[in-house]
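Please walk me through this structure, starting from one strand and its partners and then moving to a single loop residue.

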Amino acid sequence: MPKRVHVLFLDTNDAMGGVVQVHLNLLKHLDRAQFRLSLACQSCGMLVDQFNTIAKVERIPIDAGTKSIKQCRSMKAALYDAVSLTRFWRTVLTLTRYCSKEKVQLIYTSDKKRSVMLATVLSRITGLPFVYHIHNVYVDYRLNRRALRGANAVFANSHAMKAHFVQSLGRGMDRIQVVHNGVDTDVFKPSAGSKLRNYLGLSDAVTVIGVAARLAPEKGHPVLLAAAADLVAEKHHRFHLVIVGDDRIYSNNTGYVQQLQTMVTEASLQDNVTFLGFRKDMSDVYNGLDIVVDPAWEEAFGMVVVEPMACGKTVVGT
């Protein structure tokens with residue numbers, strides 16, 4: 001019987017997002033008879049419990065130098081960056097030793113900058129091949145472009161993403177293979193037992209509309225709030241808009257939550273809009289909605305589109 005391939009996954013995220021959901025799906029469903037799986041992820045934070053639920057994955061706690069939104073915009077940002085760099089190299093040392101001791105054969109990274117940097121340095125030091133998984137448009141970053149050219153294999157989550165990289169970087173990106181994101185249909189499936197409507201105190205006569213995304217400008221929340229304001233202006237009040245997500249992932253979103261809340265107040269939407277924040281029970285949330293909307297300006301492959309579809313919901317996307 002052939003030996004299993006030992007793959008080291010790198011996840012430097014500190015908040016839930018589409019990339020993390022893809023990693024959770026991959027780690028949960030990859031064939032353990034073919035692969036031995038290890039995961040380097042943050043040593044603390046909101047994702048630890050999520051990753052700990054996955055069986056037969058060796059978790060290596062790391063501190064990859066993440067910082068909060070407050071630290072990103074403060075006067076001490078440069079100091080935090082310096083401290084982050086020290087933590088990064090400590091992480092490199094930890095993972096280099098692990099790769100040697102445990103005979104890792106392949107490194108997998110998403111396209112997040114910290115993960116890409118980590119994979120590139122580890123590959124240079126250890127000589128191990130690495131897979132680069134494109135989840136979004138990061139073609140403008142020099143580090144990502146270099147990693148794309150140095151990766152042993154490159155996957156994109158949609159044909160649109162591949163086309164974008166080929167157009168931006170040339171025919172050398174033809175080698176990108178398209179692997180669409182999967183959906184865990186053991187989790188995301190139709191269910192009549194959602195608690196959401198009761199939680200919101202809404203009757204069955206109210207149409208519940210929802211959006212699930214990090215609170216950042218590119219996700220298009222103002223478009224959806226403007227549409228809600230139009231409905232109220234036309235005397236259509238029997239709807240409720242649920243906004244799921246938070247601003248923990250820094251994405252040039254300073255002041256964005258306040259902007260959305262101001263829009264709600266100015267349009268007198270307080271009775272029609274609820275900010276739910278981050279939720280771990282997204283299957284239950286989707287099953288409690290009548291309509292799911294993705295108003296984002298651009299999506300590489302929106303999990304917020306396919307997950308509610310798996311729950312049998314009507315989805316409207318830009």
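**A strand and its surroundings**

In this predicted model, both faces of strand β9 are covered: Phe-239, Leu-241 and Ile-243 are buried on one side, and His-240, Val-242 and Val-244 are buried on the other. Since buried here stands for a relative accessible area under 20%, the count for the strand can be read directly: 6 of the 6 residues of β9, which spans residues 239-244, are buried, so the strand is largely enclosed by the rest of the structure.

The pairing of β9 can be followed strand by strand. With strand β8, made up of residues 207-212, β9 pairs in the parallel sense over 6 bridges, and Leu-241 of β9 is the bridge partner of Ile-209. Between these two strands the chain passes through helix α9, residues 221-233, and the resulting β-α-β crossover from β8 to β9 is right-handed. Strand β10, residues 273-277, also pairs with β9 in the parallel sense, over 4 bridges, and here Phe-275 of β10 is the bridge partner of Ile-243.

**A buried loop residue**

We turn next to Asn-157, which is found in the loop between β6 (153-156) and α7 (159-169). Is this loop residue buried or exposed? Asn-157 is buried, because its relative accessible area is 1%, a value to be read against the cut-off of under 20%. A polar atom of the Asn-157 side chain lies 3.3 Å from the backbone oxygen of His-135. Leaving aside neighbours within four places in sequence, Asn-157 is in contact with Ile-134 and His-135, with Val-178, Val-179, His-180 and Asn-181, and with Ala-300 and Phe-301.

Technical notes: Residues numbered from 1 in each chain as written. Predicted model: local features only at pLDDT ≥ 70, side-chain atom pairs only at ≥ 80, totals over all residues. Heavy atoms only, no water. Buried < 20%, exposed > 50% of the residue type's maximum accessible area, 1.4 Å probe, protein only. Pairing = 2+ DSSP bridges. Right-handed = clockwise from strand over helix to strand, strands pointing away. Polar contact = N/O pair within 3.5 Å; in protein donor to acceptor, adjacent residues only side chain to side chain. Contact = heavy atoms within 4.5 Å.
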